[in-house]
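Hi,

Here is the structure I said I would pass on. Have a look at it first, and then read my notes below.

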Amino acid sequence: MNIEHILVRYGEIALKGKNRNEFERALKGNINSVLRKIGSSRAKRTFGRLIVELNGDDPNVVISRLKDIFGIISLSVAAKTSHDVHDIQKVALQLMKEETTAKTFKVSARRSFKKTELDSQALNYEVGSYVLRNTDDITVDVHNPDVEISVEVREHGTYISAGKVLGRGGLPVGTSGKVMLMLSGGIDSPVAGYLAMKRGSIVEAVHFHSPPFTNERAKQKVIDLAKQLSLYGGAVRLHVVPFTEVQQEIHRQIPSYYAMTITRRIMLRITEKIAAEQGALALVNGESLGQVASQTLESLRTIEQAAEIPILRPLITMDKIEVMDIAKQIGTYETSILPYEDCCTIFLPEQSKTKPKLEKALQFETSLDIDAMVDKAVNNREPSLISSDSPTDNNFTELL
Amino acid sequence: MIYLDNSATTEPYPEVIHTFVTANERYFGNPSSLHQKGSEAENLLREARRTIARLLNAQPSEVVFTSGGSESNNLAIQGIARAREKRGRHLITTAVEHPSVLETCEYLETVGFSVTYLPVNEEGVVSLTDLKQAITEETILVSVMHVNHETGAIQPVLEFGEYLKKFEKIRFHVDNVQGFGKVNLDIQSVGIDLCSVSGHKFHGLKGTGFLYVRSGVNIQPLVFGGGQEFQLRAGTENVPAIASLAKAARMAMEKKEIQNSKLARMKQELFEWFDAQEGVHVNTPRETSAPHIMNVSIERTMPEVLIQALSNKDIHVSSKSACASKQPSKSAVLLAQFGEEDERAATGLRVSMSWQTSQADLEALKAALSQIVPQVREMKEVKS
């Protein structure tokens, strides 16, 4: 038996009417950019499915890499055979025998090519009874089977698969445009970025760095997080913004109980400006309603007023524990909890306003030359492209 | 020199030594220090851990660096015993384990644990049936080696792992010191909770190794102190040695496919040759064994004498585990395999190859043995 294919199932994008073509093309492109790093397997479009032709690559390796790509509902290895019912029976049996832990199964036959001898019902019966006759201890359960053998009759052959690896769902990255993520290094913002990717966004990220108050390790941590995110959404362009001068200026000019509010407003302005330069149409951050002083409704409103661009907050109604669960599941949690100072924790006043007033904020800001501060920070940013296979430190490639 | 004792230790790759020396020169900082030198060392440590995690298809936080196989085995077994003693005090291992497993179990027996030592068949392999019978309500750990250090026999860890998945309370430890880089072992699919690996068995440096600890598996540390290695092994990390371990592991994995097929071919041929000799019994299973180890019992000889005579010809082999071979007793592994009465247990000779071994080396070994064995047998007969 030849495992030649992997069936890629996608749900939501099939519903998207006229956009369907674009979505399929994007998904295929995302899959192929991952496959190119593995070997010679490639994705191909056929009716409502993508099929990955393995061309000799290990199906397990391919599946383990593809299951993290957004837009995929599930993946199955599939063997291709003829329209002949005897061939179909034999392959189905072999696939079933590899599912060693299964106790129950069912057969689901579908025909998109109708000119074969048996219809779907007859195929279900013929394949199912053949598997039953040739195995021990396995029974049919049509409602809740351990394994579903799917038989798909197409014009150029019959695809048979058993077992399913679930994908992450969502939309293919690139189909929803670009967003600018405010990436702090904490638990929340990487999760927010992940969720934005899940809905098809290309994510770029801004990080505020305040040397010497925040050190190289804090920056490295953010690079590591961006790298982890790139596993799901492709290479992440990271803009590291020098923020020390801004924070010092705020510390000197602004009463401490409004410092946090004004700092956030300036961060928003800087991010908005970088977004405009990079062609991003929205900002994304990890705010969750009521979590900290800056995330009360009053704070959100007063801070948000500084920017005109839409701000997406994927975590706004989530509990911390829910966010932590996602962070663990996507592999950012362990990096996020490393205990390095970031720019939000230094200069933190003892008491921040939980209900800052917009009028007050505007009034305090008149003592700052905000446009100049923003321009300087934006112009001095360090952009870099972080991807999962870019070495973290070139000094080490020779050593390791 | 013909070195055929690669199960005892291997010659380090020059690249591994280069990494160790260079890392000592450039990255001598303490990874816990906050300054630049510390941060550099920490980065190297992190990248080394990631390199190994990638090879294992594991998370970096699941790799705990140790001083080698014996420490990894001790940390795994004592660590589980201490962390889980309230859940039960029964352990299961096999009669053919490395002394670092057996003696740890014997120690635990003196402090209130009970241990079942699974027997092996004539090929030196344990059975699932025996495992099933040994499991009790009290069982908290099963520790089984992957590849036997004396005979190269492969234990059915896959089968064991699959079976043990049903038992929520039991942790599964695999000593993979002899198997790493030689025999494939997919830690994830087998359902292994802990796995020991030692650097110097695959051309890394002595004093390097790691224990894989599955995320969510709690163990008690042996060494307390500064919280290094995820609180599991205190003490300033030996970053240069750890980097050299990552290098050796990567090289071993990269060369695995080509080398192992060459080794398997040579082993097969050597197998045929020994099998055809008069009064020689091959103790290594023909099929289910690692590609680099061959153990034979040569009747009417004393292994110590053969080793000495071969060594005079600059050919280096050994009898049993180096960790036990200075004691003049029979091989514990072969005793378990054949029983007390059988002479084979007292006459075992181990030939263990590496990527450096050539066909010419084996020809030299055969020629030397053909000459030496009759002489030794003659002397033995005269004496008795």
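Let me start in chain A, where A:V246, A:Q247 and A:I250 of α7(A) meet A:A259, A:I262, A:T263 and A:I266 of α8(A). By class, the residues of that contact come out as 5 nonpolar, 2 polar and no charged. The helices themselves are α7 (residues 244-253) and α8 (residues 256-278) of chain A, and their axes come within 10 Å and cross at roughly 145°. The crossing is right-handed. Before you read on, keep in mind that this is a predicted model.

There are two other helix pairs in chain A that I looked at.

Take α1 (residues 20-38) and α2 (residues 59-66) of chain A: their axes come within 10 Å and cross at roughly 140°. α1(A) and α2(A) are therefore oblique to each other. The handedness of this crossing is right-handed. On the α1(A) side the contact uses A:I31, A:V34, A:L35 and A:I38, and on the α2(A) side A:V61, A:V62, A:R65 and A:L66. Sorted by class, the residues in the contact of α1(A) with α2(A) are 7 nonpolar, no polar and 1 charged.

Then there is α5 (residues 188-198) with α6 (residues 216-233), again in chain A, packed at an angle of about 15° with their axes 10 Å apart. That angle makes α5(A) roughly parallel to α6(A). Here, too, α5(A) passes α6(A) in a right-handed crossing. From α5(A) the contact takes A:P190, A:G193, A:Y194 and A:M197, and from α6(A) it takes A:L225, A:L229, A:Y232 and A:G233. The split for the contact of α5(A) with α6(A) is 6 nonpolar, 2 polar and no charged.

While you are around α6(A), check the loop between β11 (202-209) and α6 of chain A, where A:P212 is found. The peptide bond from A:P211 to A:P212 is cis, with omega near 0°. Chain B has a backbone oddity of its own: B:H203 has a positive phi of about 70° although it is not a glycine. You will find B:H203 in the loop between β7 (194-198) and β8 (209-213) of chain B. I picked these two out because most residues other than glycine have a negative phi, and most peptide bonds are trans.

On to the domains. Chain A is divided into domain 1 (3-169) and domain 2 (178-396), with 42 Å between the centres of the two, taken over C-alpha atoms. Across that boundary, 5 residues of domain 1 of chain A are in contact with 9 residues of domain 2 of chain A. The two domains of chain A bury about 700 Å² between them, and carbon and sulfur atoms give 44% of that area.

Chain B is divided into domain 1 (2-7 + 256-383) and domain 2 (14-251). The C-alpha centres of these two domains of chain B lie 28 Å apart. Here 31 residues of domain 1 of chain B are in contact with 24 residues of domain 2 of chain B. The area buried between the domains of chain B is about 2,200 Å², with 53% of it from carbon and sulfur atoms. Within what domain 1 of chain B buries against domain 2 of chain B, B:K256, B:V333 and B:Q337 supply 23%, more than any other three residues.

And how do the two chains meet? In the contact between them, 27 residues of chain B touch 15 residues of chain A. Together the chains bury about 1,600 Å², of which carbon and sulfur atoms give 46%. Of the area that chain B buries against chain A, B:Y27, B:E47 and B:R50 supply 23%, more than any other three residues.

One last spot in chain B: B:I154, which is found in the loop between β5 (139-145) and α6 (157-164) of that chain. Leaving aside neighbours within four places in sequence, B:I154 is in contact with B:V125, B:H146, B:V147, B:V183, B:T288, B:S289 and B:A290. B:I154 and B:G124 are 30 residues apart in sequence, and their C-alpha atoms are 8.7 Å apart in space.

Over to you!

Technical notes
Residues are numbered from 1 along each chain as its sequence is written. Chains are lettered from A and ligands numbered from 1 in the order in which they are written. This is a predicted model: local features need pLDDT of at least 70, side-chain atom pairs count only at pLDDT 80 or more; totals for chains, interfaces and linings use all residues. Side-chain values use heavy atoms; hydrogens and water are left out. Axes are lines fitted to C-alpha atoms, for helices over the stretch in contact, and angles run from 0 to 180 degrees between N-to-C directions. Helices (H or I, at least four residues) and strands (E, at least two) are DSSP runs, numbered from the N terminus. Angles under 35 degrees count as roughly parallel, over 145 as roughly antiparallel, 65 to 115 as roughly perpendicular and the rest as oblique. A crossing is left-handed if the near helix is turned anticlockwise from the far one by less than a right angle, and right-handed if clockwise. Contact means heavy atoms within 4.5 Å. Ala, Val, Leu, Ile, Met, Phe, Trp, Tyr, Cys and Pro count as nonpolar, Asp, Glu, Lys and Arg as charged, and the others, Gly among them, as polar. Domain bounds come from an automatic or database domain assignment. Buried area is the accessible area (1.4 Å probe) that two parts lose on being put together, summed over both.
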